[in-house]
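Trainee: I would like a close look at one part of this model. Please take me through the metal site and its surroundings.

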Amino acid sequence: MSEVFTKSMARNIYYGGSLFFILLFLALTFDTDGTLPKRDNRAALTEQVALGKKVWEENDCIGCHTLLGEGAYFAPELGNVYKRFGNSTAAIVGFIKGRPPEGIPGRRSMPQFNLSDEELEAVAAFLKYASEIDTANWPPNIQG
Ligand code: HEC
């Protein structure tokens, strides 16, 4: 082995390394692309779930909550709320509907959004849908 590190050796490491990581990147991209459709629960995407996502966005729920770990840390994670509420959309609807308009003094409280019954059912369906996405157990704890 030669004692000096030549320019051509440096070039080979540069090109070889680049090629290796480009191939690795492509392989992982194909793998993700093939795996995601099996995990994203798209079979459960209904019109109602789509409306629920709209309600979710228009009311900026993510401004306080996280969903699957993304969002604000003011209020509980909601990606798992359907399961935490005993697999019940009715319990979610009841909770959102029952927020006192004046808030709860002395603690973080959730606003009363005055959603229609259709919107309530839809946002609950959206949270049920989110809870059934295979996230490989992410986030790792129930607080998000
Ligand atoms: C201003 C901040 C804020 C916004 C915006 C907000 N929430 Fe909340 N939410 C909270 C807080 C705070 C709690 C915890 C309240 C409590 O325990 O009394 C909560 C609790 C909840 C819970 C019960 C969670 C649990 O684990 O107990 C659900 C379901 C929920 N929110 C849904 C929603 C939905 C749907 C929206 C959008 C329409 C929304 N929230 C918007 C602050 C907010």
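Are His-65 and Met-110 buried or exposed?

Mentor: This is a predicted model. In it, both His-65 and Met-110 are buried. These residues coordinate the iron atom of the ligand. His-65 does so through NE2 and Met-110 through SD, at 1.9 to 2.0 Å. The iron site is octahedral, with six donor atoms and angles of 83 to 179 degrees among them. Ideal angles for six octahedral donors are 90 or 180 degrees.

The pair links distant parts of the chain, 45 residues apart. His-65 sits in the loop between helix H2 (47-58) and strand E1 (66-67). Met-110 sits in the loop between helix H4 (89-97) and helix H5 (117-131). Both positions fall in domain 2, which runs over 42-144.

Now the pocket. The largest one has a volume of about 580 Å³. Its lining counts 28 residues, and His-65 and Met-110 are among the closest to its centre, along with Ala-75, Pro-76 and Phe-95. So where does the lining come from? H2, helix H3 (81-84), H4 and H5 each supply at least two residues. H4 gives the most, with three. By character, the lining of the largest pocket has 20 nonpolar, three polar and five charged residues.

The second largest pocket holds about 220 Å³ of space. Gly-79, Asn-80, Lys-83, Thr-135 and Trp-138 are the closest to its centre, out of 15 lining residues. Its lining divides into seven nonpolar, six polar and two charged residues.

Definitions and conventions
Residues numbered from 1 in each chain as written. Predicted model: local features only at pLDDT ≥ 70, side-chain atom pairs only at ≥ 80, totals over all residues. Heavy atoms only, no water. Donors = N, O, S within 2.8 Å, 3.2 Å for Na, K, Ca; no water. Tetrahedral: all angles 85-135°; square planar, octahedral: opposite > 155°, others 65-115°. Helix = DSSP H or I, 4+ residues; strand = E, 2+ residues; numbered from the N terminus. Buried < 20%, exposed > 50% of the residue type's maximum accessible area, 1.4 Å probe, protein only. Domains from an automatic or database assignment. 1 Å grid on protein atoms, 1.4 Å probe; cavity = no way out; pocket = protein on both sides within 12 Å on 5 of 7 lines; lining within 4 Å. Points joined across faces, edges and corners; volume = space filled by probe spheres on them. Nonpolar A, V, L, I, M, F, W, Y, C, P; charged D, E, K, R; others polar.
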